[in-house]
Structure formats: C-alpha cells, structure tokens
Amino acid sequence: MTTAAPTTTSTAAMIALDDEIDTTEGPAARRRRRRAEQLDTRKINWWATALIAVCSLTVLIPLYLAVVVSLKTPDDLASGTGFELPTTWDWANFGEAWERTNFPQAIANTAFITVGAVVLTLLSNSVVSYAIARNIHRPFFKGVFFYLLAALFIPFPIIMLPLVKQTSLLGLDNQTGLIILYTVFGLSLNVFIYTAYIRSIPIELEEAARVDGASTWRVFWSVIFPLLAPMNATVGILTCVWAWNDFILPLVVLSDPAARTLPLAQYIFQGQFNTDYTVAFASYLMAMAPLLLIYVFAQRWVISGVMRGSIK
Amino acid sequence: MATTTLPDVAGRASRKGVDDGAGKRRSALGRALPAYYWMVVPAIVLFAFFHTLPVLVGVFFSFTNYAGYGAWDFIGISNYVNLFQDDRALRAYGFSFGFAIAATILTNVIALLIALGLNAKIVARNTFRGVYFVPYVLAILVVGYVFQFFFSNSLPKLLPSIPVLADNILSNPDWAWVAIVVLAVWQAAAFSIIIYLAGLQTIPAELYEAASLDGAGALQQFSRITFPLISAFFTINMVLSLKGFLQVFDHVVALTNGGPGTATESITLLIYRGGFQGGEFAYQTANAVIFVIVITVVSLLQFRVLQRREADF
C-alpha cells in the first residue's frame with residue numbers, strides 16, 4: 001500500500017497513511033474501496049442522481065408489468081391497462097404455466113446445457129488459449145489466433161442452414177450437440193479474452209515447475225489454471241448468459257420437443273397463450289427468474305467480471 | 001500437418017541444447033512443444049468442422065438449386081442475380097439497415113449518457129449500476145413478449161390521444177420498426193453502459209481537476225477530455241452494436257414476427273424462413289453469403305472511419 005502511495009496524489013498518500021495507523025479496520029478490500037470513496041472529493045451531484053433515478057425506472061417498468069400481469073385474473077387484466085395492482089392475487093397462473101409449458105423439463109434442459117457449456121468452455125478454451133499465448137511467436141499458433149479472430153466477423157446466418165444438416169447427420173440435434181456448439185463457437189471470443197491475460201503471467205512461474213519435472217499439461221493445470229480465476233469468471237459469466245438465453249441456436253438445432261429450452265418453450269407456447277396473457281406472463285417470469293436471482297445475489301461480481309472482459 | 005513437423009522441431013531444439021549451455025531453457029520448451037500442439041489441434045479441428053466447414057458448404061450450395069432435400073444441379077450465379085431483383089430480400093436489407101443504424105446510434109448515445117451519470121458522484125451509485133445492467137441477463141425473446149403486450153395492449157389504453165400508439169404500433173407497417181428499436185435499445189444499452197463505464201474509469205481524475213482550474217466547463221471537459229479518451233471504447237461499441245443489430249432476429253420474432261406483412265422482416269428471419277420452411281436452401285445461402293460480405297465491408301468501413309476520427313484528436 002505504501003508503494004502505491006507515491007504514484008497517486010498527495011491526498012491519497014495521506015489517506016493511505018491514515019489507513020495504516022488505523023489497523024483495526026475491516027479487510028483490506030473494504031478499506032481500499034472506502035479510500036477510493038473518500039478520495040472522490042467531488043460534491044454529490046444531485047442533478048445526476050435524479051436523472052439516473054428517473055431513467056432507471058425504464059428498466060424496472062417492464063419487470064413490474066411482468067409481475068403484476070402474472071398475478072391477475074384475465075377479467076382483471078381486461079378491465080385495465082395492465083399496470084394496475086391486481087385486485088385479487090391469482091397465484092394459480094404459475095401452476096398452470098408450470099404444467100402447460102412443461103416447465104420442469106424445460107428448465108432441466110436449459111440448466112444442463114448451460115452448466116455443460118460453461119464447464120466445458122472453461123476447461124477447454126483456457127487450454128487452447130494457454131498454448132496460443134505461450135507460442136504466439138510461432139507461425140502456426142499465430143495463424144490459429146488470427147483464424148479464430150477472423151471468425152468473429154462471420155455472421156451466424158451463413159452457418160445456420162448447413163450446420164443444421166451437419167448436426168442432424170451426426171445425431172447432435174440434442175442437448176449434447178448444443179453444449180459442443182457453444183463451447184466451439186465461444187472459442188473465438190474467449191481465446192481473445194484469455195490470451196491477453198495469460199501473456200501477462202510471468203513465464204518464470206512455470207519454469208520453476210518445469211525444472212521440477214512437471215509436464216506442460218501439469219504446469220497448466222497446477223500453475224496457470226488457478227491463476228486464471230478472474231478470466232474464468234468473466235468467460236463463465238458470458239457463456240452462462242449466452243447459453244441460458246440463446247434462442248436461435250436451440251430453435252434450429254434441436255429436433256426433439258422433449259429437448260426444448262426455456263426460451264424455446266416460450267416461443268412454442270406463444271401460439272396457445274395468445275389470449276391468455278396472465279398465464280403467459282407467469283411463464284415468462286419463471287423463465288427469467290433463475291438468472292435474475294443469481295444476478296441479484298452476485299451483482300457486483302457479475303458486473304466486474306464483464307468489465308474485466310471489456311478492458312482486455 | 002502438425003504431426004509431420006513435430007519431430008523435426010523438437011529434434012532441432014534438443015540439438016541446440018547440446019551445442020550451447022544457454023539453450024537449456026530452449027530444450028525444455030522444445031520438449032514441451034508436442035504438448036502445445038495437442039492442446040490446440042483438436043480444438044481447431046472441431047472449430048473448423050463446426051464453423052468453417054458450414055461456411056464453405058454454404059458457399060458451395062449457393063451455386064446450386066438445392067431445396068434442402070432431394071436432387072440438385074449447378075445453376076451458376078443465378079441465385080445471386082435473382083437476389084438483386086427480389087423485392088422481399090431488398091426490403092429485408094432495407095429494414096435491417098434502417099433498424100440497425102437507428103438502434104446503434106440510440107444505444108450508444110443513451111448508454112454513454114447514462115454511463116456519464118453513473119460515473120458522476122451520485123447517491124447509491126452501485127445500486128443504480130446494478131439496476132441498469134439487469135436487461136443483460138434477460139432473454140431478448142422473453143422480454144420481447146412482455147414488450148409486445150405493452151405495445152399492443154397497454155400503450156393504446158395509456159395514450160389513446162397519440163394516433164400511432166392508439167391502435168397498436170406493432171400492426172402499423174410504417175411504424176412497427178420503431179417498437180423493435182425500443183426493445184433493442186432497452187436490452188443492448190445495459191452492456192454498452194458497462195463498457196463505457198469501464199472506459200470512463202480509466203480516465204484519471206487529475207485531468208478534470210486541471211481542466212476546471214483552467215476554466216473548462218462541463219461540455220468542454222466532455223468534448224476535450226472524456227470523449228477523446230474513451231474513443232477506443234466508442235469505436236468498438238459502435239462496430240459491435242451495428243454488426244449485432246444487422247443480424248436482428250429474437251426481437252423481431254417476439255414483437256412482430258416479421259409483420260405486418262413482411263414490413264419488419266429482417267435478413268436473418270428471411271434466411272431462416274426461406275431456408276427451413278420455404279424450400280429455398282440454396283437461394284437463402286446465397287443471400288447469407290452476400291450478407292457476410294455486406295457485414296464485413298460495413299464493419300471494416302466503420303472501423304476506418306471511426307479510427308481516423310480517433311486519430312484527429
């Protein structure tokens with residue numbers, strides 16, 4: 001902490017000094033955060049606060065609408081704009097949506113695909129990135145890197161039609177197929193995110209292990225992979241949100257109705273719901289709830305993970 | 001390919017290791033090389049198989065009359081010729097571009113403004129930042145259905161005096177695209193805000209202190225300090241947004257399903273419908289090939305223009 005002080009302003013140095021005397025304070029992270037807040041000597045900007053608060057309503061209003069509509073009776077809904085609070089709270093909508101969309105099956109499929117894709121992506125894409133990052137001076141690895149990067153610019157529609165033929169020929173028109181596709185398609189972006197980080201890890205760390213006779217694989221799993229934790233979080237979050245919410249890939253790849261994912265189930269039952277908005281909204285809420293709940297509890301962590309990915 | 005080059009490279013490395021003492025480190029790396037190839041090659045083979053092969057197959061079939069089933073023949077470039085005379089395809093390009101340009105500009109302007117607000121000293125900053133990021137974790141299709149109800153059932157009752165909104169904007173061929181833009185901006189702004197916020201936090205506060213001592217107002221500070229310093233984030237955000245919005249699919253399916261008529265049919269939706277349901281496999285792959293070229297050209301142009309502007313500062 002004292003080494004960082006000279007590079008910052010004199011106020012920072014003073015606060016750092018203060019902090020050091022006050023050793024009974026909480027964990028270092030909290031202290032640092034508090035110091036950053038103290039450092040911000042600006043006055044509270046009430047205009048910005050008001051504007052940000054009002055604009056944040058645009059985010060919350062659709063969610064509010066989803067909640068109140070899902071709790072109404074059809075008659076209740078027909079008599080108003082949808083925004084009024086329900087006169088009677090009709091929880092039965094959720095039960096009906098649960099049955100009609102076969103919710104347990106859909107969420108099990110989505111969870112299986114998402115967890116599978118995240119685990120496989122973290123285990124495989126990090127290995128590929130490691131090999132590329134450590135050999136970027138070799139033409140083969142450099143070529144692979146730019147090949148994957150170029151693929152980022154290929155839009156999905158060109159792949160879509162032939163891919164469906166391919167997956168159904170191979171018997172991969174199911175959940176397993178989707179896990180493989182998310183893992184493989186994610187490679188482009190993830191290698192980009194991982195390699196920049198791996199190259200910042202000093203090679204001396206590995207050499208110590210190599211001198212002790214560890215193989216390259218061993219070096220990766222026991223030295224490098226644990227150090228990748230922040231990037232694993234970033235890649236994991238991006239992959240999780242993508243796989244959970246994706247609509248077009250399950251739509252074109254999956255052939256068995258029993259394999260359908262949550263977004264796909266909403267799409268398929270949309271026709272039946274047409275006039276039954278209250279049940280439909282209960283179903284939408286149930287589809288959105290799992291990720292939303294995870295997000296509410298891991299919010300700070302999710303946002304910092306995404307930010308880290310964007311600065312690379 | 002990898003297997004034939006491997007022994008040679010490893011052999012050379014170990015010979016060098018014997019020659020000079022400093023090559024010890026190098027020989028260790030040389031022995032490690034096969035493992036590095038084993039780490040990359042299987043993944044690249046899979047990537048080529050699931051990503052590049054479909055592209056090549058698509059290009060191949062775009063010169064045929066394959067319907068998606070049955071026999072096919074080579075028909076040269078007539079798919080491409082027909083595409084340029086196909087009103088439906090041209091309309092899809094018109095819609096996708098109009099939508100993508102409007103959504104890109106709005107998303108970036110709004111996201112930048114909100115990021116600036118969140119970067120100012122405000123009350124409960126972390127809470128608000130958390131709220132603005134919520135749309136990112138929601139499925140576009142599912143949120144889209146909520147918006148669909150809002151546009152078709154709530155808005156006409158809430159604002160009966162505004163002509164376009166009074167009778168369901170989604171069934172209005174001239175204005176339905178606006179509703180799709182609203183959903184797209186609502187959802188995409190979340191991610192852009194976080195990217196801009198990351199950019200804003202890289203700017204040292206001292207710069208603003210110095211500027212305000214020199215008497216620069218808020219607007220001047222933005223145009224002379226903030227914007228130039230985050231212009232790399234601006235460029236990448238603009239390019240990624242436009243590329244993403246040009247491929248719009250979920251939004252359209254949820255709100256209008258391409259309607260009324262084909263007024264809001266995007267290119268991706270057209271390729272999906274024609275390719276899977278209309279027996280136009282070859283024809284729509286030709287469409288997709290053109291789409292790839294269009295997107296690549298647009299992205300590169302955008303990069304050049306925006307980066308030149310970056311250099312001007």
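Q: What parts is chain A divided into in this predicted model?
A: Three domains are assigned: domain 1 covers 5-39, domain 2 covers 46-90 and domain 3 covers 100-311.

Q: How do you know that domain 2 and domain 3 of chain A touch, and how many residues take part?
A: Let's start with the centres: taken over C-alpha atoms, they are separated by 33 Å. The contact itself draws 9 residues from domain 2 of chain A and 6 residues from domain 3 of chain A. A residue pair counts as a contact when the C-beta atoms lie within 7 Å, so the claim rests on such pairs.

Q: Which elements make up the domain 2 side of that contact?
A: Helix H3 (46-70) and helix H4 (74-78) of chain A each give two or more residues. H3(A) has the largest share, with 4 residues. By class, this side of domain 2 has 5 nonpolar, 2 polar and 2 charged residues.

Q: What makes helix H9 of chain A count as kinked, and where is the kink centred?
A: The bend compares axes fitted to the seven residues ending at a position and the seven starting there. In H9(A), residues 175-198, this gives a kink of about 50°, centred on A:Leu187.

Q: Why is H9(A) called mostly covered?
A: Being buried takes 20 or more other C-beta atoms within 10 Å. Of the 24 residues in H9(A), 17 are buried, so "mostly covered" is a fair description.

Q: Why is A:Asn102 called partly exposed?
A: Buried starts at 20 neighbours and exposed ends at 12. A:Asn102 has 16 C-beta neighbours inside 10 Å, so this residue counts as partly exposed. A:Asn102 sits in the loop between helix H5 (92-100) and helix H6 (103-134) of chain A. Its phi is near 50°, a positive value in a residue other than glycine.

Q: What makes the backbone of B:Ala124 worth a look, and why is this residue called partly exposed?
A: B:Ala124 is not a glycine, yet has a positive phi of about 55°. Its place is the loop between H4 and H5 of chain B. With 13 C-beta neighbours inside 10 Å, B:Ala124 is above the limit of 12 for exposed and therefore counts as partly exposed.

Q: How many residues do chains A and B bring to their contact, and which helix of chain B gives the most?
A: Chain B contributes 71 residues and chain A 77. Several helices of chain B give two or more residues to the side touching chain A, including H4 (87-119), H8 (176-200) and H14 (281-312). H2(B) gives the most, with 16 residues. By class, the chain B side has 52 nonpolar, 14 polar and 5 charged residues.

Q: Which residues touch the most other members of the largest nonpolar core?
A: This core has 166 residues, and A:Tyr284, B:Val40, B:Ile180 and B:Ile193 touch the most other members. H8(B) supplies the largest share, 19 residues. Leaving aside neighbours within four places in sequence, B:Ile193 is in contact with B:Ala111, B:Ile114, B:Ala115 and B:Tyr132.

Q: How do you know that the "transmembrane region" spans of chain B are helical, taking residues 175-198 as a case?
A: The label comes from an unreviewed UniProt entry, which lists six spans of chain B: 35-63, 92-118, 130-151, 175-198, 225-246 and 281-301. Residues 175-198 of chain B are 96% helix and 0% strand, with end C-alpha atoms 35 Å apart. Residues 130-151 of chain B are 73% helix and 0% strand, with the end C-alpha atoms 26 Å apart.

Definitions and conventions. Residues are numbered from 1 along each chain as its sequence is written. Chains are lettered from A and ligands numbered from 1 in the order in which they are written. This is a predicted model: local features need pLDDT of at least 70, side-chain atom pairs count only at pLDDT 80 or more; totals for chains, interfaces and linings use all residues. UniProt positions are given in the numbering used here, feature names are shortened, and annotations may be inferred rather than shown by experiment. Two residues are in contact if their C-beta atoms, placed from the backbone, lie within 7 Å. Ala, Val, Leu, Ile, Met, Phe, Trp, Tyr, Cys and Pro count as nonpolar, Asp, Glu, Lys and Arg as charged, and the others, Gly among them, as polar. Domain bounds come from an automatic or database domain assignment. A nonpolar core is a set of buried Ala, Val, Leu, Ile, Met, Phe, Trp, Tyr and Cys residues joined through C-beta atoms within 7 Å.
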